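Open the model in your viewer and keep the sequence panel in sight. We will go stop by stop, with something to select at each one.

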Amino acid sequence: MAHPTAIRTVLAWGVKNGYFIHQTDIKLAFISSELQEVVYMSPPPGCEEPNGFVWWLHSGQYSLRQSSAAFAKTLLRRLYEFRFKAASADECVLVYREPMEGANDGS
């Protein structure tokens with residue numbers, strides 16, 4: 001979670017520079033997270049499973065403690081793939097800079 005000072009700084013910087021600022025709520029965020037550990041759960045009431053059967057979860061669910069951390073790791077990994085970088089002052093603030101035209105970006 002980003003520090004409140006970091007959020008205010010990013011918002012002030014964006015407004016000062018005339019950037020479009022947008023906040024979004026990611027629907028079904030936890031369900032798209034990739035779990036790193038093996039997690040089993042009992043089937044919910046109403047599911048017809050033989051007695052003693054459990055489900056093996058491959059992705060997060062809202063009721064799991066691991067879901068928010070798993071989603072954060074999945075999101076960060078994907079953003080890093082798109083060349084976002086964590087700010088040195090607050091690693092929850094990610095920055096993307098387009099390479100300057102004609103500059104050697106090292107890739």
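## The whole chain

Of the 107 residues of the chain, 14% count as buried. Keep in mind that this is a predicted model. Colour the chain by secondary structure. You should find two helices and four strands. Starting from the N terminus, the elements run α-β-β-α-β-β.

Now switch on the surface. The accessible surface of the chain comes to about 9300 Å². Carbon and sulfur atoms account for 59% of that surface. Contacts are worth a look too. Take those between residues at least 6 apart in sequence: 48% of them join residues at least 24 apart.

## Stop 1: helix α1

Select residues 4–16, which make up helix α1. How far apart should the ends of its 13 residues be, at 1.5 Å a residue? The expected span is 18 Å. The expected span uses one less than the number of residues. Put a distance label on the end C-alpha atoms of α1: they are 18 Å apart, so the model agrees with the expectation.

Stay in the helix and select G14. Is G14 buried or exposed? Its relative accessibility is 4%, so G14 counts as buried, because buried means under 20%. Next, show what G14 touches. Leaving out residues up to four places away in sequence, G14 is in contact with Y19 and I21.

Move on to G18, just after α1. There, G18 takes a positive phi of about 75°.

## Stop 2: a nonpolar patch

Select I7, L11, V15 and I21 together, and show them on the surface. These residues form a nonpolar patch. Together they have about 350 Å² of accessible area. Pick out I7, which is found in helix α1. I7 counts as partly exposed, at 43% relative accessibility. I21 links this stop to the last one: it belongs to the patch, and G14 touches it.

## Stop 3: aromatic pairs

How many aromatic pairs does a search of the whole structure find? It finds two. Select W13 and Y19 for one of them. Their ring centres are 5.2 Å apart, with 35° between the planes, and the pair is tilted. W13 is exposed, with a relative accessible area of 53%. Y19 is partly exposed, at 48%.

Then select F84 and Y96. Their ring centres lie 5.3 Å apart and their planes meet at 45°, so this pair is tilted. Tilted covers plane angles that are neither under 30 degrees nor over 60.

Where do these two rings sit along the chain? F84 lies in the loop between α2 (67–81) and β3 (85–86). Y96 lies in the segment after β4 (94–95). The pair therefore ties together parts that are twelve residues apart in sequence. Check the surface again here. F84 is partly exposed at 26% relative accessible area, and Y96 is partly exposed at 40%.

## Stop 4: an unusual backbone angle

For the last stop, select R83. Like F84, R83 is found in the loop between α2 and β3. Look at its backbone: R83 has a positive phi of about 70°, although it is not a glycine. Most residues other than glycine have a negative phi. R83 counts as partly exposed, with a relative accessibility of 42%.

Definitions and conventions:
Residues are numbered from 1 along each chain as its sequence is written. This is a predicted model: local features need pLDDT of at least 70, side-chain atom pairs count only at pLDDT 80 or more; totals for chains, interfaces and linings use all residues. Side-chain values use heavy atoms; hydrogens and water are left out. Buried means under 20% relative accessible area, exposed over 50%, partly exposed in between (1.4 Å probe, protein chains only). Contact means heavy atoms within 4.5 Å. Rings of Phe, Tyr and Trp (its six-membered ring) pair if their centres lie within 6.5 Å; planes under 30 degrees apart count as stacked, over 60 as edge-to-face and the rest as tilted. Accessible areas come from the Shrake-Rupley method with a 1.4 Å probe; for residues, only the protein chains shown count as cover. Patches are made of residues with over 30% relative accessible area and no salt bridge: like charges are joined within 9 Å, nonpolar side chains (Val, Leu, Ile, Met, Phe, Trp, Tyr) within 5 Å. A salt bridge is a side-chain nitrogen of Lys or Arg within 4 Å of a carboxyl oxygen of Asp or Glu.
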